[in-house]
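Please open the model in your viewer and keep the selection tool at hand. The tour below proceeds stop by stop, stating at each one what to select and what is found there.

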Amino acid sequence: MASELEGRLKTASELGTSDVPAAVEQLKGLVLEDSNYDADAVRVKEQAINQLCELYIKQGNAQGLADLLTSLRTFFNAIPKAKTAKLVRSIIDAIAKVPGSTQLQVDVCRAQVEWAKTEKRTFLRQRIELRLASLYMQVKDYPAALALIGTLLSEVKKLDDKLLLVDIYLLESKVNHALRNVPKARASLTAARTAANAIYVPLQLQAEIDCQSGILCAEEKDYKTAYSYFFESFEQLSSLDDPRAAQVLKYMLLAKVRQDQADDVPGIISSKAGLKYTGPEVEAMRAVAQAYHDRSLQTFQDVLEAHKTQLVDDDVVHAHLASLYDTLLQQNLVRLIEPFSRVEISHVATLIGLPVATVESKLSQMILDKKFSGTLDQGAGCLEVFSPAPPDAVYPAALDVLDSLGRVVDTLFARSQKVVA
């Protein structure tokens, strides 16, 4: 029987190179119609399921994968639970490879959670719920993600599954960071590290922890430490040939730019490790570094438009580039108004190439933040720049005198205590 199944599998594999729909039908028949569940037959069917997933991905048929997962439940009941968990997760991973299938993944995970509850497959249910929480984060349904994570945490702590705890805490940190709640994100990451210290952590998961550490350090403006974390994460992912290494390399280059070391970026890109991941992500950061080096706002805006997917659509990068743009704008405005004591706001806007309202708002903010001394005459549409006032030496001298008097009084008090004694 096993040899017959292997023959059918080989025929379907050969057919898959020329006629994908016919190969799909043959593989479905092999997996679903035959009720033989001995060890050899199960092995062949596993191979057939994997091939079927690859063909569905090639077709872009996410719904076909979802239907396959439902159809295989009879097969799942006949094989060991560990094999079931592996197959279910591999099919969900296959659905994720089809573009635009996020909502379908959510629906599939919900259905599989209900099935796992019915079958009392706790381990599988918890893993699928973790995947579901991750999908909620992708679709920006953060309350649902946090609610599911909270339930999972209370269950998994009782089971003391350290590896799953690390995954859950790491995801919780990512969700809190997406909500801009850095203290809670930091607390969740610390909990993930604590759980990870007690077990062997796979290299890929350790790379994710280091990457998240770098992101949180960057949020706290500690770009030097962030760079070191990103570097660790990049080396680990690069050793695994993980495509996410390109994204982490982008974060490394961003940290360099934010450290005001944009000149180091070309050297990192042209290194042996950097050349391996040359592509849109790296080229986008090369352009950002050049715009920052040139202190050119127009070039900076052009780069954001040209590399929108890599820079603007990435929430981590976009937040820091917005801050970087703000810094560049301030530096350019200070340089432009430096020669003037009174200048029209419209003239400054013309020189910098931005709308008058934007320039006026920014100048007002800079005056309030004491970036320079001046006032806005909105009636005349002008900016008056004041010369820096000379430091007043009276107050520091008065503080020095008071400090000396305090020491004298303390000395006299100590002596009087001795006399009384």
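Two strands are said to pair if DSSP finds at least two bridges between them. With that criterion in mind, select β1 and β3 of this predicted model: the two strands pair in the antiparallel sense over 3 bridges.

**The sheet**

Keep β1 in view and pick Arg-342, which stands opposite Glu-384 in β3. Next, add β2 to the selection. This strand and β3 (residues 382-385) are also paired in the antiparallel sense, over 4 bridges. Two cross-strand positions can be labelled here: Gly-374 faces Val-385 in β3, and Asp-377 has Cys-382 of β3 opposite.

Which residue in the turn of the β2-β3 hairpin has a positive phi? Select the 4 residues between the two strands: Gly-381 has a positive phi of about 70°.

Now display the three strands together. They form an open sheet in the order β1-β3-β2, with antiparallel pairing. The edges are β1 (342-344) and β2 (374-377), each of which pairs on one side only. From one strand to the next, the twist averages 20°. Then add helix α21 (residues 345-352), which packs on the sheet and touches β1, β2 and β3. The direction of α21 makes about 70° with that of β1.

**A pair of helices**

Hide the sheet and select helix α4 (residues 62-71) with helix α7 (residues 102-118). Their axes come within 11 Å and cross at roughly 0°. An angle under 35 degrees counts as roughly parallel, so α4 is roughly parallel to α7. To see the contact itself, show side chains for Ala-62, Gln-63, Ala-66 and Leu-69 on α4, and for Leu-104, Val-108 and Gln-112 on α7. By class, the contact of α4 with α7 comprises 5 nonpolar residues, 2 polar residues and no charged ones.

**The nonpolar cores**

Which residues have the most contacts inside the largest nonpolar core? Select Ile-49, Leu-72, Phe-75, Phe-76 and Ile-168; the core to which they belong has 68 residues. Centre the view on Ile-49. Leaving aside residues up to four places away in sequence, Ile-49 touches Val-31, Leu-72, Phe-75, Leu-87 and Ile-91. Apart from this core lies another, of 61 residues, and Ala-289, Leu-336, Ile-337 and Ile-345 are among them.

**Two loop residues with positive phi**

Go to the loop between α9 (142-159) and α10 (162-178), where Asp-160 is located. Although Asp-160 is not glycine, its phi is positive, near 60°. Is Asp-160 buried or exposed? The relative accessible area of Asp-160 is 45%. Since partly exposed covers values between 20% and 50%, Asp-160 is partly exposed.

Move on to the loop between α17 (280-294) and α18 (297-306) and select Arg-295. This residue, likewise other than glycine, has a positive phi, near 55°. Arg-295 is partly exposed because its relative accessible area is 30%, which lies between the limits of 20% and 50%.

**Two helix residues**

Select Met-137 in helix α8 (residues 122-138). Not counting residues up to four places away in sequence, Met-137 touches Tyr-142, Ala-145, Leu-171, Lys-174 and Val-175. Then draw a distance from the C-alpha of Met-137 to that of Lys-158: the separation in space is 25 Å, and the two residues are 21 apart in sequence.

Finish at Arg-186, in helix α11 (residues 182-196). With residues up to four places away in sequence set aside, Arg-186 touches Leu-216, Cys-217 and Glu-220. Arg-186 counts as partly exposed because its relative accessibility is 25%. As a last selection, add Val-394. Its C-alpha atom and that of Arg-186 are separated by 46 Å, with the two residues 208 apart along the chain.

Terms used:
Residues numbered from 1 in each chain as written. Predicted model: local features only at pLDDT ≥ 70, side-chain atom pairs only at ≥ 80, totals over all residues. Heavy atoms only, no water. Core = buried A, V, L, I, M, F, W, Y, C linked by side-chain atoms within 4.5 Å. Buried < 20%, exposed > 50% of the residue type's maximum accessible area, 1.4 Å probe, protein only. Contact = heavy atoms within 4.5 Å. Axes fitted to C-alpha atoms, helices over the stretch in contact; angles between N-to-C directions. Parallel < 35°, antiparallel > 145°, perpendicular 65-115°, else oblique. Nonpolar A, V, L, I, M, F, W, Y, C, P; charged D, E, K, R; others polar.
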